[in-house]
Amino acid sequence: MIDKSIIFKIIGSLLFIEALLLLACLFMAIGYQEDDVPAFIITIILTTLTGIVLRYLGRNADNNMSRRDAYLVVTLSWIIFSFFGTLPFIISGYIPSFTDAYFETMSGFTTTGATIIDDIDKLPHGLLFWRSMTQWIGGLGIVFFTTAVLPSFVGGSVKVFAAESTGPISSRLHPRLSTGAKWIWVVYLVLTIGCVLSFMACGMGWFDSINYAMGSTATGGFSTHTDSAEFFRSPAVEYVATFFCFFSGVNFTLMYMAAKHRSIKMMFKSEEFRFYTFVVLAFSLFIMAELMIHNGYDLEKAFRCGIFQVVSFITTTGLFNDDAGKWPHVTWVVLATCMFLGACSGSTSGGFKGIRSMMMLKIMRNEFKQILHPNAVLPIHVDGSNIPYQKRVTLLSFLSVYLLICLFASFAIISAGIDNTNAITITLSSLGNVGPSLGLEIGPTMSWSMLPAWIKWLCSALMLIGRLEIFTILVIFTPAFWRDR
């Protein structure tokens, strides 16, 4: 059976953390003396009181957590965190619709970056900071964050990490997962601080620097201006954003180990990193050529726009420095491929992940060999480690479910009257936690406000399913999950 007490205990503690995050936004709102102050005060009170009630209900819980408890607590944490995250938007009146507010908050926590706000510049600073904070905390995972800061959860943290981690292969940093989580958060903080300082060096103000840094390192894409990175009209800002988004798409464990051994060569020993780098460079050069030939861009602008958008899409960040809706349609195919692929496992990015793509390519290569040599035993190795047969089956199951979800969701969106290109890319964008769409009705620089309410709920569900890598969510809806042990 599900242990309700441990679930109440963890979610109650998480709500205390959310209240502290909201408190930081309250101070921001007070500092700017804007009208969102009451909204944050009311939200903090409601969040804290709920946390107290849940902690009381879970007062007798121990730290022993089953795998079922872990999957359920991770799913409920994201849903409940997003629910309380909607309150500042609704209470302040800037997003009066609960559907829109929940979509915006889920988009933030899952680092999708899709928005229903048509004019972001009208939002007060406190709400802008909260939008950026949601994606920064969601970047490495809400519960993973708890594993790093609340040692009392170590008893069940390995199962929680398995339920929330990204990618088919998990690397262990330290025998105590809470210690490993802290080191990964150190890497995350260093990236964020470096990004803030770099943006400031480019002439960006401190508020914009912090917000864009949180969006870049979390590969979220929320910005403080409607025009995103294009607002600054600064090549330096765009190159800085490209650099930090690219490295935020790298496996954080790999970056930690490379920093620990002070060897950049260690990163290039990773097959996934080499695959990721090759795809980024190849796609960027292709788009650069297309922009020079068909749109008349000069060499530097074509390269900058090409690599910025490729990195933004493949890391599922969603920032933009140009309107890709006006680019040749063949570049849309490349960007849609980036949406699907995603960056590296163990990073803040979404999508299918590079390591899965590599494994699929190796499986296909082996199948051709198997046709010629039916009795041959053909292992699959990634970085020298053999991939067991069970993980190959899981990979094929993951791909099948991923494609089926894309098929059914695209069909549902098309049935609502959305054009085919938009429907497919909205699905890929939501499930891959990318953010922008490609098409004529909803372009990459537009908000999603025109979508019907039920499609916004569908997209919110897809964002969560994609962020938790599909099976974590879907397993809860199987009869076996709720049967007695």
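Over residues 172–177 the pLDDT stays under 50, and for this stretch the model has 13 contacts beyond four places in sequence. The structure is a predicted model, and across the protein the mean pLDDT is 87, with 91% of the residues reaching 70 or more. The points below turn to aromatic rings, to arginines placed over ring faces, and to a pair of helices that meet.

**Aromatic pairs**

- A search of the whole structure finds 30 aromatic pairs, and one of them is formed by Phe-98 and Tyr-102, whose rings are tilted, at 5.8 Å centre to centre and with 45 degrees between the planes.
- Phe-98 and Tyr-102 both belong to helix α4 (residues 98–109), and because they are four residues apart in that helix, about one helical turn separates them.
- The two partners differ in their surroundings, since Phe-98, at 33% relative accessibility, counts as partly exposed, whereas Tyr-102, at 7% relative accessibility, counts as buried.
- Another aromatic pair is made by Phe-340 and Phe-352, and this one is stacked, with 5.2 Å from centre to centre and 15 degrees between the planes.
- This stacked pair links distant parts of the chain, with Phe-340 in helix α15 (residues 329–341) and Phe-352 in the loop between α15 and α16 (354–372), the two being 12 residues apart.
- Phe-352 has a relative accessibility of 2% and therefore counts as buried, the cut-off for that class being under 20%.

**A cluster of rings**

- Ring pairs also join several residues into a cluster, whose members are Phe-243, Phe-244, Phe-246, Phe-247, Phe-268, Phe-273 and Tyr-276.

**Arginines over ring faces**

- Arg-59 is placed over the face of Tyr-56, at 4.1 Å from the ring centre.
- Arg-131 is likewise found over a ring face, in this case that of Phe-222, at 4.0 Å from the ring centre.

**Helices α4 and α5**

- Helix α4, which holds the tilted pair of Phe-98 and Tyr-102, comes with its axis within 6 Å of the axis of helix α5 (residues 125–140), and the two axes cross at roughly 45 degrees.
- Because this angle falls between the ranges for roughly parallel (under 35 degrees) and roughly perpendicular (65 to 115), α4 and α5 are oblique to each other.
- On the α4 side the contact is made by Glu-104, Gly-108 and Phe-109, while α5 contributes Trp-130, Arg-131, Thr-134, Gln-135 and Gly-138.
- Arg-131 thus appears in two settings, as a residue of α5 in the contact with α4 and as the arginine over the face of Phe-222.

Methods:
Residues are numbered from 1 along each chain as its sequence is written. This is a predicted model: local features need pLDDT of at least 70, side-chain atom pairs count only at pLDDT 80 or more; totals for chains, interfaces and linings use all residues. Side-chain values use heavy atoms; hydrogens and water are left out. Rings of Phe, Tyr and Trp (its six-membered ring) pair if their centres lie within 6.5 Å; planes under 30 degrees apart count as stacked, over 60 as edge-to-face and the rest as tilted. Buried means under 20% relative accessible area, exposed over 50%, partly exposed in between (1.4 Å probe, protein chains only). A charge sits over a ring if NZ of Lys or CZ of Arg is within 6 Å of the ring centre and within 35 degrees of the ring normal. pLDDT is the predictor's confidence in each residue, from 0 to 100. Contact means heavy atoms within 4.5 Å. Axes are lines fitted to C-alpha atoms, for helices over the stretch in contact, and angles run from 0 to 180 degrees between N-to-C directions. Angles under 35 degrees count as roughly parallel, over 145 as roughly antiparallel, 65 to 115 as roughly perpendicular and the rest as oblique.
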